[in-house]
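I opened my notebook today to look around a protein, one small question at a time. Come along and check each entry against the picture.

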Amino acid sequence: MDEAFGQETIVFSMFVIFTGAAVLATGALFARQALPIAYIVLGVLIGPYGFGLVVNPTAIRAMADIGIMFLLFLLGLDLAPSGLMHMLRKATLVTFGSSVVFAGAGAGVAWVFGFTAIEALLVGAAMMFSSTIIGLKLLPTTALHHQRLGEIIISVLLLQDLVAIALLLLIEGFGGQSSWVETVLSLLSLPVLLAASYGFARYALIPLIRRFDKIREYIFLTAIGWCLGVAQLAHVMGLSHEIGAFTAGVMLATSPIALYIADSLKPLRDFFLVLFFFSLGAGFNLNVLLQVLFPALLLAGLMMAMKPWIFRTLLTLNGEKPSASMEVGVRLGQISEFSLLI
């Protein structure tokens with residue numbers, strides 16, 4: 001009886017989430033807003049602090065975390081190790097310079113409004129990054145000039161993602177219940193994870209994919225198994241599932257089948273990302289909203305005003321044209337999914 005009731009609850013939750021997401025997404029498209037905003041608003045409306053149609057979002061959040069793993073896996077697929085060094089040289093000044101400015105502004109606003117030092121640092125860290133999902137959707141590809149802009153945007157976003165991964169690793173180690181010894185061991189286990197996944201991918205996984213690359217179902221299942229397998233291995237080694245998923249993607253990036261894998265997994269990623277953004281909205285405590293509304297609005301307005309000009313200045317110093325630099329800054333003017341994780 002309880003099992004049947006639980007199944008009915010899950011089916012009802014999926015019904016209201018995805019039906020509601022479709023309705024609000026339609027409104028978001030007419031208003032020319034990003035779809036994740038609709039999913040977050042839906043979580044606020046029907047979550048436990050709203051109308052209470054989904055009263056226990058914990059299970060939804062657990063499934064939603066899988067979406068983040070697939071997102072990082074797909075990001076890794078776009079980042080071949082050979083191209084990583086080129087991007088590091090190309091976007092280091094812009095990425096790290098902007099990160100310092102945005103982190104300082106975010107931490108300063110939080111400090112002025114009475115947040116603790118740790119809370120202010122976390123707010124500052126959350127301001128450092130731009131949205132990879134929205135940034136990639138806004139990529140201009142219609143002309144040679146725009147293709148150049150796209151290369152700059154991708155370089156900055158990918159380097160930001162690497163910084164975010166490192167920051168999440170540090171927060172997980174130093175902010176959790178682990179001892180100093182366990183934290184250090186977790187940090188040292190990252191090279192071991194990289195070496196183990198590289199060896200298995202090169203000598204076992206990629207040869208198997210090449211042998212059976214005509215069987216699409218096999219490629220699909222192998223990619224999912226590889227992503228979740230490395231994510232679980234990272235967890236066992238004291239790292240996060242997200243670190244493992246990103247590593248799994250990078251190790252497959254050199255394979256010719258990487259683009260096909262990325263296209264195949266995008267619908268699955270989008271399914272779980274709907275749940276992720278919904279669970280974020282469902283976790284909003286509306287009773288606390290008024291306490292943080294003004295500093296949040298101030299910080300959002302500050303970031304919207306600052307980001308285009310900071311990117312313009314740094315890109316101009318890096319040799320780009322001022323007009324193109326401003327366009328890049330506008331396209332990178334959002335806050336990242338990693339900010340939500342932080």
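**Entry 1: a charge and a ring.** I began with a term: a charge sits over a ring if NZ of Lys or CZ of Arg is within 6 Å of the ring centre and within 35 degrees of the ring normal. With that in hand I looked up K307, and its charged end sits over the ring of F102. The distance to the centre of the F102 ring is 5.2 Å. I also noted that the model is predicted.

**Entry 2: the overall build.** How many helices and strands does the protein chain have? I found 14 helices and zero strands. Read from the N terminus on, the elements are α-α-α-α-α-α-α-α-α-α-α-α-α-α. The protein chain has 342 residues, and 43% of them count as buried. I then looked up contacts in the protein chain with a separation of 6 or more, and 77% of these join residues 24 or more positions apart.

**Entry 3: the largest pocket.** My next stop was empty space. Rolling a probe the size of a water molecule over the atoms shows where such space is left. The largest pocket holds about 2,100 Å³ of space. I found 47 residues in its lining. Which of them lie nearest the centre of the pocket? My list reads M127, F284, A296, I335 and L340.

I then asked which elements give two or more residues to this lining. They are α2 (35–46), α4 (81–112), α5 (117–126), α6 (132–137), α11 (258–282), α12 (286–317) and α14 (337–341). Helix α12 gives the largest share, with 12 residues. Sorted by class, the lining of the largest pocket has 35 nonpolar, eight polar and four charged residues.

**Entry 4: aromatic pairs.** A pair of aromatic rings is described by the distance of the centres and the angle of the planes. I found nine aromatic pairs in the structure. One of them is F113 with F294, and I asked why this pair counts as edge-to-face. The planes of the two rings stand at 65°, and over 60 degrees counts as edge-to-face, so the pair fits that label. The ring centres of F113 and F294 are 5.7 Å apart.

This pair links distant parts of the chain, with the two positions 181 residues apart. F113 is in the loop between α4 and α5, while F294 is in helix α12. Are these two rings buried or exposed? F113 is partly exposed, because its relative accessibility is 33%. F294 has a relative accessible area of 55%, so I wrote it down as exposed.

F271 and F272 make another aromatic pair, also edge-to-face. Their centres are 5.2 Å apart, with 85° between the planes. F271 has a relative accessible area of 35% and is partly exposed. F272, at 12% relative accessibility, is buried, because buried means under 20%. I also saw that F271 and F272 belong to one aromatic cluster with F18 and F70.

**Entry 5: F338.** I went to helix α14, where F338 has its place. F338 counts as buried, because its relative accessibility is 4%. What does F338 touch, not counting residues up to four places away in sequence? I listed L72, F129, D161, A164, I165 and L168. F129 from that list got a second look: F338 and F129 are 209 residues apart along the chain, yet their C-alpha atoms are separated by 7.3 Å.

**Entry 6: T95.** This residue is in helix α4. With a relative accessibility of 0%, T95 counts as buried. Leaving out residues up to four places away in sequence, T95 touches V156, L159 and Q160.

**Entry 7: two loop residues.** Where is S255? I found S255 in the loop between α10 (241–252) and α11. S255 is buried, because its relative accessibility is 5%. From S255 to R210 I noted 8.7 Å, C-alpha to C-alpha, and 45 residues in sequence.

R32 is in the loop between α1 (2–30) and α2. R32 counts as exposed, because its relative accessibility is 77%. R32 also has a positive phi of about 60°, although R32 is not a glycine.

Notes:
Residues are numbered from 1 along each chain as its sequence is written. This is a predicted model: local features need pLDDT of at least 70, side-chain atom pairs count only at pLDDT 80 or more; totals for chains, interfaces and linings use all residues. Side-chain values use heavy atoms; hydrogens and water are left out. On a 1 Å grid over the protein atoms alone, a cavity is a set of points where a 1.4 Å probe fits but cannot get out, and a pocket is an open set with protein on both sides within 12 Å along at least five of seven lines; lining residues have an atom within 4 Å of a point. Grid points are joined across faces, edges and corners, and a volume is the space filled by probe spheres set on the points. Helices (H or I, at least four residues) and strands (E, at least two) are DSSP runs, numbered from the N terminus. Ala, Val, Leu, Ile, Met, Phe, Trp, Tyr, Cys and Pro count as nonpolar, Asp, Glu, Lys and Arg as charged, and the others, Gly among them, as polar. Rings of Phe, Tyr and Trp (its six-membered ring) pair if their centres lie within 6.5 Å; planes under 30 degrees apart count as stacked, over 60 as edge-to-face and the rest as tilted. Buried means under 20% relative accessible area, exposed over 50%, partly exposed in between (1.4 Å probe, protein chains only). Contact means heavy atoms within 4.5 Å.
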